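Ready for a little practice in reading a model? Take a look at the chain below, then work through the exercises at your own pace.

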Amino acid sequence: MKMTILIAVRFNLVSPTILSELYSISLRQAKEHLNKLVKQKLLQRIATHRSVDGCVYICDRQGAKWAEEHMSVTVPFKRYKHPEMAINQNNIMHDLINVFLMLRLLHETSLKDENYYQYRGLMTEVELKRHLATTNIRIADGLLAQPTNEGDINIALEVEHAYKNPQYKEKILLRQLNGIKSGVFDKIFIASQKHEILEDIKRTNIELLETMPTRYNKKARQPLMTESDAELLRNAIVYRTKYCDDLRKLFYS
């Protein structure tokens, strides 16, 4: 119950499929568990055809209040006459994939030691938006803290759910560069439910990082980015293919 409410509060939504995988229980048990929390007025159920489950669950006022007390962090809550207005319907599948992927990554262990976890904490997109007031830094889908010999580094997770045109990707790269330079994150993981989308993003990024240092921003009277900036991004971006098949099977089969 505690974990489910915290997921719903921190990510803004949760679904039976995600909890079934996370808790290693059946889909029926996951639905029963969530509906029990709805009866206790801790969660709200929202029917939607955009979810693989036909619904998603978000926190109710009591759930937000409970999370606030246990996390000692202010949890903003706004009640809507129509609860479905509390979430972006166009992003539901993307957001569910993101929730599942961040929780799965948090359980990744070292190949050398299965008791050593690769990451020690996370910050969701919802939480990141509250901390970043600036608009020139890319708001990632989440951050993962990875311990290293030199201290923790922050890894930004980007879930690419659909194809994007090069012009939009160019803007994303510039904001990701600002995020690295400002110290918000050090690496960028790009993941998708489809291998073809990842390949397209990789190809586009390679082309853009080759051409952007040669193109000038007329207003700033300087290149869109320097060669060292392009190299910084090349070294920071990692294309994660490991979970493509799992995501596709779970959310699209």
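Here are three exercises on this predicted model, each with a worked solution.

**Exercise 1.** Find out whether the radius of gyration of the chain agrees with that of a compact globule.

*Solution.* Start with the length: for 253 residues, a compact globule would have a radius of gyration near 18 Å. Next, take the value for the chain, which is 19 Å, and the two agree. For the outline, the C-alpha trace spans about 60 × 45 × 35 Å along its principal axes.

**Exercise 2.** Work out which parts of the chain are tied together by the salt bridge between aspartate 246 and arginine 104.

*Solution.* First check the pair: the side chains meet at 3.5 Å, N to O, and a salt bridge needs these atoms within 4 Å. Then place the partners: aspartate 246 sits in helix H10 and arginine 104 in helix H5, so the bridge joins parts 142 residues apart in sequence. Finally, look at exposure: aspartate 246 is partly exposed at 35% relative accessibility, and arginine 104 is partly exposed at 26%.

**Exercise 3.** Lysine 242 forms a salt bridge with glutamate 108; decide for each partner whether it is buried or exposed.

*Solution.* Recall the cut-offs: buried means under 20% relative accessible area, exposed over 50%. Lysine 242 has 54%, so it is exposed. Glutamate 108 has 9%, so it counts as buried. Their closest N and O atoms are 3.6 Å apart. To finish, widen the view: Glu108 and Lys242 belong to a salt-bridge network that also includes Arg240.

Terms used:
Residues are numbered from 1 along each chain as its sequence is written. This is a predicted model: local features need pLDDT of at least 70, side-chain atom pairs count only at pLDDT 80 or more; totals for chains, interfaces and linings use all residues. Side-chain values use heavy atoms; hydrogens and water are left out. The radius of gyration is taken over C-alpha atoms; the globule rule is 2.2 Å times the number of residues to the power 0.38. Helices (H or I, at least four residues) and strands (E, at least two) are DSSP runs, numbered from the N terminus. Buried means under 20% relative accessible area, exposed over 50%, partly exposed in between (1.4 Å probe, protein chains only).
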